[in-house]
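Please work through the exercises below with the structure in view. Each task is followed by a solution in steps.

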Amino acid sequence: MANQNKYLYLTKIREFYEYVEKDKITLEEWLKKWIRIHKKPFVKPRTLQGYIEKIKTNIIPYLGNYPMQSLDRLILQEYFSDLTTGNEKNGIKKYSPKTIKEIKSILNMAFTDAEIDKIIKFNPI
């Protein structure tokens, strides 16, 4: 009986701390959840609206379908490079350094929280 209780306890611990399986959550899904649980309760409405607009306009159309654990520094660097110079082939227009900095900041916060929440193993920013 003691071994069975120990097994149930260890199973619950593992489930609580386990990473989401690779390819289970996309960046879009995470960003929507992140806004709801990590930002909405703690930031001013105007700040929240700015995050949501940048996410919907500048992040989800280009990176939203990527599974969280497949996003790496190279993919993100290519994305930021495209934002800097524009990439007509990918439908990305050229953005100002200020806008790029804001987008990078949002992604950095979201990836940091995903790392803390055990969604990803490390922040790729």
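The exercises that follow concern a predicted model.

**Exercise 1. The nonpolar core**

Task: Determine how many residues the largest nonpolar core has, and which helix gives the most to this core.

Solution.
Step 1. The largest nonpolar core comprises 30 residues. L27, I59, M68, Y79 and L107 are those with the most contacts inside it.
Step 2. At least two core residues come from each of α2 (27–39), α3 (45–63), α4 (73–85) and α5 (97–116).
Step 3. With seven residues, α5 gives the most to this core.
Step 4. I59 may be examined in detail: neighbours within four places in sequence aside, I59 is in contact with L27, L31, K54, G64, Y79, I103, I106 and L107.
As general background, nonpolar side chains tend to be buried together in soluble globular proteins.

**Exercise 2. Helix packing**

Task: Classify how α2 is oriented relative to α3 and relative to α5.

Solution.
Step 1. The axes of α2 and α3 cross at roughly 170° and come within 10 Å.
Step 2. Angles over 145 degrees count as roughly antiparallel, and α2 is therefore roughly antiparallel to α3.
Step 3. On the α2 side this contact is made by L27, E28, L31, W34, I35 and K39, and on the α3 side by L48, Y51, I52, I55, I59, I60 and L63.
Step 4. For α2 and α5 the angle is about 85°, and the axes are 10 Å apart.
Step 5. A value from 65 to 115 degrees counts as roughly perpendicular, so α2 is roughly perpendicular to α5.
Step 6. Here L27, W30, L31, W34, H38 and K39 of α2 meet I106, L107, M109, A110, F111, D113 and A114 of α5.

**Exercise 3. Aromatic rings**

Task: State how the rings of Y62 and Y79 are arranged, and which residues form one aromatic cluster.

Solution.
Step 1. Searching the whole structure yields three aromatic pairs.
Step 2. In one of them, Y62 and Y79, the ring centres are 6.4 Å apart and the planes stand at 35°, so the pair is tilted.
Step 3. This pair links distant parts of the chain, since Y62 belongs to helix α3 and Y79 to helix α4, 17 residues apart.
Step 4. Y62 has a relative accessible area of 23% and is partly exposed. Y79, at 4% relative accessibility, counts as buried, because the limit for buried is under 20%.
Step 5. The rings of Y79 and F80 are also tilted, with centres 5.4 Å apart and planes at 55°. Both Y79 and F80 are buried.
Step 6. One aromatic cluster is formed by Y62, Y79 and F80.
Step 7. Over the face of F80 lies K104, at 5.3 Å from the ring centre.

**Exercise 4. D82 and N87**

Task: Decide whether D82 is buried or exposed, and whether N87 is buried or exposed.

Solution.
Step 1. D82 is located in helix α4, whereas N87 lies in the loop between α4 and α5.
Step 2. The relative accessibility is 10% for D82 and 17% for N87. Buried means under 20%, so D82 counts as buried, and N87 counts as buried too.
Step 3. Residues up to four places away in sequence are not counted in this step: D82 touches N87, N90, I92 and K93, and N87 touches D82 and I92.
Step 4. D82 and I92 are ten residues apart in sequence, and their C-alpha atoms are 6.6 Å apart in space.

Conventions: Residues numbered from 1 in each chain as written. Predicted model: local features only at pLDDT ≥ 70, side-chain atom pairs only at ≥ 80, totals over all residues. Heavy atoms only, no water. Core = buried A, V, L, I, M, F, W, Y, C linked by side-chain atoms within 4.5 Å. Buried < 20%, exposed > 50% of the residue type's maximum accessible area, 1.4 Å probe, protein only. Helix = DSSP H or I, 4+ residues; strand = E, 2+ residues; numbered from the N terminus. Contact = heavy atoms within 4.5 Å. Phe/Tyr/Trp six-rings, centres within 6.5 Å; stacked < 30°, edge-to-face > 60°. Lys NZ or Arg CZ within 6 Å of the ring centre and 35° of its normal. Axes fitted to C-alpha atoms, helices over the stretch in contact; angles between N-to-C directions. Parallel < 35°, antiparallel > 145°, perpendicular 65-115°, else oblique.
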